[in-house]
Every structure is written in structure tokens, then in C-alpha cells.
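Student: Could you take one part of this model and go through it closely, giving the cut-offs behind each term as you use it?

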Amino acid sequence: MASHNQAEIVLYDLACTKGVCFSPVVWRIRLMLNYKKIAYKAVFLEFPDIEPTLKEFGIAPHAQGNAYTVPAIHHIPSNKYIMDSPAIAAFLEQTYPNPPVPLESELGDKIRADSRAIAAIVLRNSLMPREVRILAPRAAEYFRSAREAALGPSLEELLPPPEKEDEAWAAVEEKMRANGEMMRTRKAEGPFIEGAKPGYVDFAMVGNMQCARVIDEGVFRRLYRFEGYREVYDACGEWLERKD
Ligand SMILES: N[C@@H](CCC(=O)N[C@@H](CS)C(=O)NCC(=O)O)C(=O)O
């Protein structure tokens, strides 16, 4: 792996008190950087510092939603700043085409859409109230007020008591199993969604799992126990090693 000193890319990441990457969206890009062995260094930003930092670079805000988000990158050789994971992924694929990371997958899109439809709420309720516990005080305050304003209940109210949380996961069990099985469609060719080689969709699914893992090992295990989820996660293990 190329050293941090010769970085061609500065990756703007989301800080947590564990000092490692945990944002699911940043993980997609990290997995791509690690897989392609691109030399990069990461700068961790606390939630309230994302906007002022990225604005200062002259990056145009998003038209909708939060104006500034991570991941963002500075590509040093071309002096380009890019925000938004799809734009960053497309840039990396064009600039560093080997090894290739296919950005499109019809099968993968179906798996991701189904996974969101099945588990988004249960996963959110398990993760969001725990996420606040790994943020530094200023970031935790920002996160809490933004999320509570958007959702209504307090973060603590979102987290069900243990038996209710088990029930909520049990209610999506069958559908999650079928979703995981779909990830094994090309198992004869290899462990990834499209078979032998990873694509962006594998990195998106594994990024979500790694986010869960950093926040709470127990929530991660609720995903990892499904066949398909487990194989893809394990097959990406090498590119999950660098987290800082
Ligand atoms: N569409 C963006 C979404 C990225 C995103 O939502 N990032 C979160 C961190 S996981 C963020 O930066 N939030 C800023 C905030 O909440 O103010 C992408 O794909 O890059």
C-alpha cells in the first residue's frame, strides 16, 4: 500500500471518538481507494465543521438536503475538489481505472433497493441512538438537534428496549434472508454480488455493515449472520483494514 506521505488524495471523512471511519457513505469511497491502492490521507471532520471547511475550498453546495457533506476529496495532482460519493466514485474510476470497479449493477441496484425497503427503519432505530454515543460532545449536540428536529422523537425514544428490538429484527428476518440469498446469485463465480470481482455495490453494502460495526458490534451481527451479507463482507476484509 502506498504510504500516507505521498498522498494524491485528501479524503474528508466524518470524525468519531473511536478515531476510525464509520460513515457508511465514506466507507464506499475508502473501500474503492483501498482496493485500487490509491495513496490518500484522511482528514476527520466533526459534524459542525463539515460545512465551513468544504465551503472554504470553494465547493458548490448540494442543491437539496444538507448543503455540505462528506465524503469529499481533494485530488492533489489536478487540484480538484469533489463532493458527493457518486461523483467521487466516477472520478476515481476514470482517473484510476485499474483495477476496475464497475459502478453499475442491475442486480446490485435491486439488492440495495430491497435491503433499504426491508431494513432501513429497523436499522435506523438500532443505530442512530447508538451513533450519538461515539460522537464528541459538540458533534453529538449537532447530530442530536438535527435528527430530533427531522424525526420528532428523542434519539433515546427511537431505541426500543432489548426484547422489542429483537422482535423488530425478527419481523424482517425472512425478507432479509431472501435479500442475502440474492447476494449469492453468482456464487458459482465468486463471493461478490456480480461474482468474481467487487463492484461499487459491494462496497455500498459493506460500507453500511462496517458503519454498524463501528457503532455497535451487536447491530453488525444482526446483519452479518445472513448468508450473502457475510460472504460479501468477508470478501472485502482486506480493504477494510485501513480505517484511519
Ligand atoms: N449524497 C451524499 C450524502 C453524504 C452524507 O449524507 N454524508 C453525511 C455523513 S454520513 C454528512 O456529511 N452529513 C452532514 C450533516 O449532517 O451536516 C453522498 O453520497 O456523498
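Tutor: What follows is a close look at helix 2, set within the whole chain.

This is a predicted model, in which local features need pLDDT of at least 70 and side-chain atom pairs count only at pLDDT 80 or more, while totals for chains, interfaces and linings use all residues. Residues are numbered from 1 along each chain as its sequence is written.

The protein chain has 10 helices and 4 strands, where helices (H or I, at least four residues) and strands (E, at least two) are DSSP runs numbered from the N terminus. Of its 244 residues, 34% count as buried, a residue being buried if 20 or more other C-beta atoms, placed from the backbone, lie within 10 Å of its own, exposed if 12 or fewer, and partly exposed in between.

Helix 2 covers residues 47-56, and its buried residues are Phe47, Ile50 and Leu54. These three lie on the same side of helix 2, because they cover an arc of only 5 degrees around the axis, the arc being that of the directions from the helix axis to the C-beta atoms. An α-helix has 3.6 residues a turn, so residues three or four places apart point the same way. On the other side of helix 2, Pro52 and Glu56 are exposed.

The buried residues of helix 2 pack against strand 1 (9-14), strand 2 (40-45), strand 3 (72-75), strand 4 (80-83) and helix 5 (137-151), with two residues in contact if their C-beta atoms, placed from the backbone, lie within 7 Å. After helix 2 comes glycine 58, which has a positive phi, near 85 degrees.
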